[in-house]
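Hi,

Here is the structure I said I would pass on. Have a look at it first, and my notes follow below.

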Amino acid sequence: MPELPDLQVFSKNLHKKLSGKKVEKLTTSSTAKLNVPAKTLKESIEGQVLDKVHRVGKRLYFDFNNGNVMAWHLLLKGELFLYDKTHAYDRIVIDMLFANGTGLVMKDVTTWAKVELNPSDSDGVDPLSKEMNFNFLKENLGKTKTAIKKFLLDQDKIGGIGNAYADEILWHAGISPFSLSNKIPDEKIKALDKAIKTTLQNAEKKIISANPDIITGEVRDFLVVHNHKKKLSPGGAAIQFVVVGGRKTYFTEEQELYK
DNA sequence: AATACTGTTACGGT
DNA sequence: AACCGTAACAGTAT
């Protein structure tokens, strides 16, 4: 369940380790969820040099020097591993072996993880980009009257925010997750814009300092409200939670409800 | 041993 | 029609 900050760090670490290397062999499992036939994917990537690894929404993009792009979405349980020589991982989805013997493996116990060749970029605005600003939020929040948390989680609108960081962002912005998107005053939209950027960037820094080489798993102990170990927010308010659609939403009364 | 947890999508209902 | 909530998917950890 990595979200944007986790994936951002993973992509940087993978870029550092793997860019400039040539793919010798690409293998996918028979259960891998692909958008093209396995043979097409294999032929499109093998022999190519990896130019760049970066993050788009909750996907990792691998850009190759022939112009092909391979995207991996880890869904809930996808995990990445680097290996040097031999490896014996269970439930491998995809295995990318480079010419010098290093390789990258993605395994997933659920088999839900997705691998795409040249994905159509249907993701929403990147939260860390310049397009994410007051005007974008003002315009799009006004178009719908859905709960603000739902808006933040809609990957077609904004790419990369998940359940945990949506709670964190809304706490920092002082907006109740149940506020209606079209009822949020301009001042709070400004706070939301700021909270999106600072919360995600701060998380990225925390993750790097806790585990500089991380490419899988998650560091979450610094979260201030979406954290089952915490009883009180930094402001001293009791942390409450409700289950929405099987997912926990954590919040406090410090957050204003606009209805 | 029962339950919580996680992202996405499909689906039935409003 | 556009939107909503929920189940399903699977396994691990508590």
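Strand β8 is mostly covered in this predicted model, with five of its six residues buried. Buried here means 20 or more other C-beta atoms within 10 Å of a residue's own, exposed means 12 or fewer, partly exposed is in between, and the C-beta atoms are placed from the backbone. For chain A as a whole, 32% of the 259 residues count as buried. Helices (H or I, at least four residues) and strands (E, at least two) are DSSP runs, numbered from the N terminus.

Some housekeeping: as this is a predicted model, local features need pLDDT of at least 70 and side-chain atom pairs count only at pLDDT 80 or more, while totals for chains, interfaces and linings use all residues. Residues are numbered from 1 along each chain as its sequence is written, and chains are lettered from A and ligands numbered from 1 in the order in which they are written.

Back to β8. Where does β8 sit in its sheet? The open sheet has four strands in the order β1-β7-β8-β6, with antiparallel pairing (two strands pair if DSSP finds at least two bridges between them). β1 and β6 (78-83) are the edge strands, each with a single partner, so one side of each has no neighbour in the sheet. On average, neighbouring strands are turned by 10° against each other, direction ignored (axes are lines fitted to C-alpha atoms, for helices over the stretch in contact, and angles run from 0 to 180 degrees between N-to-C directions).

Going across the sheet:

- β1 (residues 23-28) pairs with β7 (residues 92-98) over five bridges; threonine 27 stands opposite aspartate 95, and threonine 28 has isoleucine 94 as its bridge partner.
- β7 is joined to β8 (residues 103-108) by five bridges, with leucine 97 opposite glycine 103. Four residues lie between the strands of this hairpin, and glycine 101 takes a positive phi near 95°.
- β8 and β6 are joined by six bridges, and glutamate 79 of β6 stands opposite lysine 107.

On to the DNA. A residue is near a strand if its C-beta atom, placed from the backbone, lies within 6 Å of it. Around DNA strand B there are 15 residues, of which Met1, Lys58, Leu76, Gly162 and Asn163 come nearest. α5 (163-173) and β11 (247-251) are the elements that give two or more residues to that surface. By class, the surface near strand B has six nonpolar, five polar and four charged residues (Ala, Val, Leu, Ile, Met, Phe, Trp, Tyr, Cys and Pro count as nonpolar, Asp, Glu, Lys and Arg as charged, and the others, Gly among them, as polar). DNA strand C has Leu76, Val109, Thr110, Trp112, Thr144, Thr146 and Gly245 around it: three nonpolar, four polar and no charged.

And how far to trust it? Chain A averages a pLDDT of 90, and 97% of the residues score at least 70; pLDDT is the predictor's confidence in each residue, from 0 to 100. Among the elements, helix α2 (residues 38-45) has the highest mean, 96, and strand β10 (residues 240-244) the lowest, 84.

Cheers
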